[in-house]
Every structure is written in structure tokens, then in C-alpha cells.
Amino acid sequence: MTESVEATVPPTKRQRQAARIAEAASGNTGWLLLKIVLLAIVDAVAVYAAFVLLMNQEWLVLAVVAAVTVLVNYIYFSRKRIPAKYLTPGIIFLVVFQVFTLLYTGYIGFTNYGTGHNGTKDQAISSLLASAQERVEDSSTYPVTVVEQFGTLGLLVTDPDSGEASVGTNEQPLQNVDATMESGKAVATDGWTTLRFADVIARSDQIEDLAVPFSDDPNDGSLRTPDGQNGYLYISTLEYDESADAIVDTRTGAVYSDIGTGAFTADDGTEILPGWQVNVGFDNFVRAVTDESIRGPLISVTLWTFVFALISVASTFFLGLLLALVFNNTRMRFRNGYRIILILPYAFPAFLSALVWAGMMNESFGFINQVIFGGADIPWLTDPFLAKVSILIVNLWLGFPYMFLVCMGALQGIPEDVNEAAVMDGANPWQIFRRIKLPLLLVTVAPLLISSFAFNFNNFNLIYMLTGGGPRFSDVSIPVGHTDILISMVYKVAFTGQNRDYGLASAFTILIFIVVATISIISFRKTKALEELN
């Protein structure tokens, strides 16, 4: 009996490598454990976020968080969704930090969100009534115990008549609870931590600010405690009439009604704040172009923004190109050393350079006035015209090294044969530059010039660090100055001054986006004509 043995084909190198990878993947549990730990962290953050959203009744955002969490777990526990595992983090960050930001900014631009209008109507009513509270003269004394839950302070109150215990916070009215009693006073209840006497003393400022609503009706007043031991009833001098949807001042009899503007308003137009956030449609955009105190500075700032961006791009480009032509000459000695010196302004952080220049341009003790001009009092940063000139000079200093590097690389990419052919045809150096080098250079540099224009259009750091936007305009309702550009004006409207108008600032932001996007689209379409030279 003969036994035939089938010959085995030896595996190839690629097959052996694949087998080793598969074996390592199946046998190594380290990566699996790492994946489980990372997903556990993500899920823990999602659960915490879901709990916070649930407490604030943000149902839409809660649904989005839950759906994204389930999707992420499905993708990373799946064995087949390999591309999605690499794309998911980037997509999530893109949506959170770009798409959501753009959409939310657009939404705010159509609201009255700002100082005095940053909450809901119920919150505004509660705040108004709380701000006008006065202690009831014949108020009963309520024994109280200061308690805490998840970092939120509350009062555990004992009713002096019935002896029942109830607990509440600034946001939650008093609710009956089962409590531990000592000498007829509630001292502890489940789910809450009773503060010790030393803690009460240490946090006395927070405890004095506690105003626990007596019931769901804000007109019933609230309980407050001056010492953490006894509470007293406070009633507001303002009263909310739910049927008429109005606030009544019980001392003067004035009636403030909801007329749809996001604040209770009297018949004479007087508003009481805080109000609440409402949609106002295109009112912010209309106000920007019709309100004289806003339209005047807006026009001036817009014109200066375009002038600043155009001159900055042109000046930095031509200076960078000139230096690139000079140092591209192979006959120049020590070219590498000169190049290093020229890119030093680009190597330092721009905001630090702007601060240094601000010091040198100081009118009283700056280096430029004291040393170069022999102690002259030149108002580089306080005169409207000179401040703009100063900004252009400093931006030229900061921007030309970038254009120098770009133009140097583009010039080195032009074949030397082209230059030699032009010389043989009798062209002089100016003709070679204007008719050959510059068109070929623009093929590479034109998109970068467009991006440089967009950058300077929103060059907030230079304006803020050098002049702060000053000197300031007079007789305007928004805190802007002669050297402000649109983005710095948006910052001031939103984040400086006593009245911060986020809605108006968001409307300005939308206008800036439209302008920059339109210019970029048109410019990129125009640059397609240069591609024929390539």
C-alpha cells in the first residue's frame, strides 16, 4: 500500500507577514484593553453630560449626545468599520468646533441675546421679584439648617406651626421631606449633607445670598437666613400678574407688560431688566445700518478694514518679492545669513512683537521718539491718522518675511532656461520680470495672497495689542475707535463695556463672513486664468 503525500506550496513573504499580523492582533489583548478604557472615559463623559442636560431639560441636545455615544461605541466595537474609526474623531471635532459654532453664531444674530437678555422669561420674572424683595415685618421665625447636594446649597426648613420639614434651593421651591429632628428642628435629610457650624461660617457670603422660593408661585416670596440658623419670609415689592402677563410695582402702581421685546415695559417705554432672550428677526441687521450711532462707526471701520487689508497684502508682498529677487541672485555672498536675519520677525510671536512696537512708539518715553527723533512728542498711537500709519508699518514688519519665503520658493521653481531664452531674445531685466517671472510667480502666489487678505481682514491680535482700536470715536453708542477693524469691533460690542450685545456682535460676524467668503470666491475664480500660464 503506497501513501501519496501532497506537496505543500511554501507561503510567500507577503502571506507570512499577513499571518504574523493576524496572529499578533488575535493574541495581543493590550490594544483591546486600551480601546475599552478610552471608550469607558468617553461614555463616562457622555453620561455626565446627559445627566446635566436632563436636569436642565435640554431634550434635543440630550438626544444628540445619546445618539453620538451609541454610534461611537458601535463603530469602535465593530470589526468591519475600519474607515469610520479613523474618520469619526475628526468629524466630531469638525461638527463641534466649526459647524456648531457657525450655526449658533448665526442663530444668536437673530436674537436680542446680551446684557439683561440672557435667560428665559421665567428666570427673568424670578430675578425681578428676587431683586425687589423686602423682609416681612411680622414674619414668623423658621428654624433652618444649611445643607448641600452636588455642590448646591439649600435650606432645610422646619415649619414653626406644623413642625413639618421641607428643603429647597435658589432654583427649587420648598418641598416636604422626611428629616431627622432634634429639639423640634430638622437637622438632616436623606440625599443632602448637613454643613457643620465651621462650614457655615466659612461660607456665610453664599448662605446670605440664598433665597429659597416659598412655593411655585413667585408672589409668595422666599425664605432667607442671615445667620444659617433662623430664616425669615421676604416678599417682593414687584408682583407678577400671570393672567395679564405683567409686572406690577406695588409701591407706585406702575404696570410693566410683555410687549414682545424681551422685557417688561411700561406705557411710557420704560423697561425693567433683566429681560429674556427672544427672536428679533433682522432687527440687529436693520439697527446696524439705520441707527446713526452705529452706522457711522460701522462705515468708517468697514472702509478702514478694507484699506488695512489691501495695503498690508500689497506692501508685504512687494517688499518680500523685492528681497526675494535680491537674495535669489547667486552672485551675492552670505545669502543664507541674510535670509536668517530677514525671517526673524516671522519667527517671533506676533502679539509679542506688537507689544514691543507699542512700547517703542510710546509718545512719552518710546525708543522712536526719544532716540531716533531726539525727544520729539509724536503721537504715533493716539493720533487717528498716525495710529493707522503705525499699524501699517508694524504689520509690514511682521508680514514681509512670510512673503519673502513664499516668493523665494516660487522664484527658485522657475526654470533658468526661461530666463536664458528671454535674454537671447533681447529682453531687458525689467521686461523679463514683468512679462515672465511675475506672471509665473502669481500662479503660485495668488491663492496665498487671497488667504493673506482674509487673514489681515481679521487680524485681531495686531489691532488689540498695538492700539486697542483707539483713539476712540466720540458720540457713538458702541465702544469702537479709529483703528478698529471689523473683528475687533465685534469683540468690543460683545465683550467690553457695561452693555454687551451678543446679538448685534453676531450680526456683524455674519456680515464679515459674507464679505470675506464673497471676496475669496471671486478671487479664486479670477486666479483660474493664471493657470493657463503653468
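Trainee: Which residues is Leu 441 in contact with, once its neighbours within four places in sequence are left aside?

Mentor: The general idea is that in soluble globular proteins nonpolar side chains tend to be buried together. In this structure, which is a predicted model, Leu 441 is in contact with Phe 317, Leu 321, Cys 407, Ala 410 and Leu 411, leaving aside its neighbours within four places in sequence.

Trainee: Which members of the largest nonpolar core touch the most other members?

Mentor: That core has 42 residues, and Phe 317, Leu 441, Met 489 and Phe 508 are the ones that touch the most other members. Two or more residues come from each of α9 (292-327), α14 (384-412), α16 (429-457), α18 (486-495) and α19 (502-527), and α9 gives the most, with ten residues. A second, separate core holds 18 residues, among them Phe 308, Ile 378, Val 394 and Leu 462.

Trainee: How many residues of α18 are buried, and what follows for the helix as a whole?

Mentor: Buried here means under 20% relative accessible area. Seven of the ten residues of α18 meet that description, so this helix is largely enclosed by the rest of the structure. The buried residues are Leu 486, Ser 488, Met 489, Val 490, Lys 492, Val 493 and Ala 494, and the elements against which they pack are α9, α16, α17 (460-466) and α19. Just after α18, Gly 497 takes a positive phi of about 85 degrees.

Trainee: Which residues form a nonpolar patch on the surface, away from such buried positions?

Mentor: A helix can be read with a simple idea: an α-helix has 3.6 residues a turn, so residues three or four places apart point the same way. In this model, Leu 60, Val 61, Val 64, Val 68, Ile 92, Phe 93, Val 96 and Phe 97 form a nonpolar patch on the surface, and together they have about 730 Å² of accessible area. The elements that give two or more residues to the patch are α3 (59-77) and α4 (82-108).

Trainee: Is Phe 97 buried or exposed?

Mentor: Residues over 50% relative accessible area count as exposed, and Phe 97, which is found in helix α4, is exposed because its relative accessibility is 52%. Helix α4 is also the place of Pro 83, which is exposed with a relative accessible area of 56%. The C-alpha atoms of Pro 83 and Thr 145 are separated by 58 Å, although these residues are 62 residues apart along the chain.

Trainee: How many helices and strands does the protein chain have, and what does its radius of gyration say about how spread out the chain is?

Mentor: The secondary structure comes to 19 helices and 16 strands. The radius of gyration is 35 Å, well over the 24 Å that the globule rule gives for 534 residues, so the protein chain is more spread out than a compact globule. Taken along the principal axes, the C-alpha atoms fill a box of roughly 115 × 110 × 45 Å. Buried residues make up 35% of the 534 residues, while the protein chain exposes about 32400 Å², of which carbon and sulfur atoms supply 61%. Among contacts between residues at least 6 apart in sequence, 58% join residues at least 24 apart.

Trainee: Where in the protein chain are the peptide bonds described as cis?

Mentor: A cis peptide bond can be read from the omega angle, and one such bond joins Leu 273 and Pro 274, with omega about 15 degrees. Pro 274 lies in the loop between β16 (271-272) and α8 (283-290). Another cis peptide bond runs from Gly 470 to Pro 471, with omega near -5 degrees, and Pro 471 has its place in the loop between α17 and α18.

Trainee: Which residues have a positive phi although they are not glycines?

Mentor: Phe 150 has a positive phi of about 55 degrees although it is not a glycine, and Ser 183, also not a glycine, has a positive phi of about 55 degrees. Phe 150 is placed in the loop between β2 (142-149) and β3 (152-158), where it is exposed with a relative accessible area of 76%. Ser 183 is found in the loop between β6 (179-182) and β7 (185-189), and Ser 183 is likewise exposed, with a relative accessible area of 84%.

Key
Residues are numbered from 1 along each chain as its sequence is written. This is a predicted model: local features need pLDDT of at least 70, side-chain atom pairs count only at pLDDT 80 or more; totals for chains, interfaces and linings use all residues. Side-chain values use heavy atoms; hydrogens and water are left out. A nonpolar core is a set of buried Ala, Val, Leu, Ile, Met, Phe, Trp, Tyr and Cys residues joined through side-chain atoms within 4.5 Å. Buried means under 20% relative accessible area, exposed over 50%, partly exposed in between (1.4 Å probe, protein chains only). Helices (H or I, at least four residues) and strands (E, at least two) are DSSP runs, numbered from the N terminus. Contact means heavy atoms within 4.5 Å. Patches are made of residues with over 30% relative accessible area and no salt bridge: like charges are joined within 9 Å, nonpolar side chains (Val, Leu, Ile, Met, Phe, Trp, Tyr) within 5 Å. Accessible areas come from the Shrake-Rupley method with a 1.4 Å probe; for residues, only the protein chains shown count as cover. A salt bridge is a side-chain nitrogen of Lys or Arg within 4 Å of a carboxyl oxygen of Asp or Glu. The radius of gyration is taken over C-alpha atoms; the globule rule is 2.2 Å times the number of residues to the power 0.38.
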